[in-house]
Amino acid sequence: MGNPARELAQLLERWQTLPSGGTVHTRRGTHTDTLDGWRLQVRAAGLLHDVEQSLNALDAAGRNVAHYTRFLPRWISAVFIPDRHWGQSANGAETLFQQNELDMLHAVADLLDLSGISVTLDDGTTRTSLEALDEITAALADEHIELSAVERRYIFELINSCRSVFQESATFGQVDLLRRVHELIGVLNMLADTLDSDPATKSVATRIRRAAKKVAPYVSFGAKAVAGSLGAGADLLQITAG
């Protein structure tokens, strides 16, 4: 799972031009009975969604992204080519969409890299993250942690949700991964802050923080973004501190 804007730009670069006599179907491999070409088309649509959600996250963090989002309709059109019959043959070499549209998509990719929003999952980071979730689950079983049934269920549902993302990363987009992991990490850090105040649970707080830092992607977008991404866990802090 890498940078959705860069992956989409690279895919569209392959689809940008048609040779003489070529069609959209033949260029994209959707003219046969095999599913590979159509799977790639579905992948492109999913990347579009991830790009939009990533820009929304930056916007929520206070970053001006209007000059990027204005290109979304053009990227959507490049993926679906709605104004052309896909079986229509090109009369000479044709360019289906402009280079500046791809350049702006590459600019978004660079922005996501700099913002820390891009997520790269490989076997190693996935395995480490799942092991960290196991460590967190074990730490939460400590007899000195007093949580109500609702609090405990909320945390364990978050853990299971993150586990599902790591186990089925091809199904979930990277924005889903970021949102779920950030909510979990935020709740765990707030819980650890509460546990720090009691000598009986101080060591558990350390275990939770140590394990939480192993969960990928342990990233920060700055104060505004972190506050926004962790808002869903704010009630837990009040409950456990009350």
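## Reading the helices of a predicted model

Q: What phi does Ile81 take, just after H5?
A: In this predicted model, Ile81 directly follows H5 and has a positive phi of about 45 degrees.

Q: Which residues of helix H5 are buried, and what makes them count as buried?
A: Helix H5 covers residues 72-80, and its buried residues are Leu72, Trp75, Ala78 and Val79. The word applies because each of them has a relative accessible area under 20%.

Q: How do you know where on H5 those buried residues sit?
A: Look down the axis of H5: the buried residues fall within an arc of 120 degrees, so they line one face of the helix.

Q: What makes up the protein chain as a whole?
A: The chain has twelve helices and two strands. Starting at the N terminus, the order is α-β-α-α-α-α-β-α-α-α-α-α-α-α. Of its 242 residues, 42% are buried.

Q: How are contacts in the protein chain spread along the sequence?
A: Take the contacts between residues at least 6 apart in sequence: 79% of these join residues at least 24 apart.

Q: Why is H7 called roughly antiparallel to H10?
A: The axes of helix H7 (residues 123-140) and helix H10 (residues 202-212) cross at roughly 165 degrees. Angles over 145 degrees count as roughly antiparallel, so H7 and H10 earn that name. Their axes come within 8 Å, and the crossing is left-handed.

Q: Which residues make the contact of H7 and H10?
A: From H7 come Ala132, Glu135, Ile136, Ala138, Ala139 and Leu140, while H10 brings Val204, Arg207, Ile208, Ala211 and Ala212.

Q: How do the residues of that contact of H7 with H10 divide into nonpolar, polar and charged?
A: Nine are nonpolar, two are charged and none is polar. Glu135 and Arg207 belong to the contact, and they are charged because Glu and Arg count as such.

Q: Why is Glu135 called partly exposed?
A: Glu135, found in helix H7, has a relative accessible area of 34%. Buried needs under 20% and exposed needs over 50%, so Glu135 falls in between and is partly exposed.

Q: What is Glu135 in contact with, leaving aside its neighbours within four places in sequence?
A: Glu135 is in contact with Arg207, Ala211 and Lys214. They count as contacts because heavy atoms come within 4.5 Å.

Q: How far apart are the C-alpha atoms of Glu135 and Arg207?
A: Their C-alpha atoms are separated by 8.1 Å, though the two residues are 72 residues apart along the chain.

Conventions
Residues numbered from 1 in each chain as written. Predicted model: local features only at pLDDT ≥ 70, side-chain atom pairs only at ≥ 80, totals over all residues. Heavy atoms only, no water. Buried < 20%, exposed > 50% of the residue type's maximum accessible area, 1.4 Å probe, protein only. Helix = DSSP H or I, 4+ residues; strand = E, 2+ residues; numbered from the N terminus. Arc of directions from axis to C-beta. Axes fitted to C-alpha atoms, helices over the stretch in contact; angles between N-to-C directions. Parallel < 35°, antiparallel > 145°, perpendicular 65-115°, else oblique. Left-handed = near helix turned anticlockwise from the far one by under 90°.
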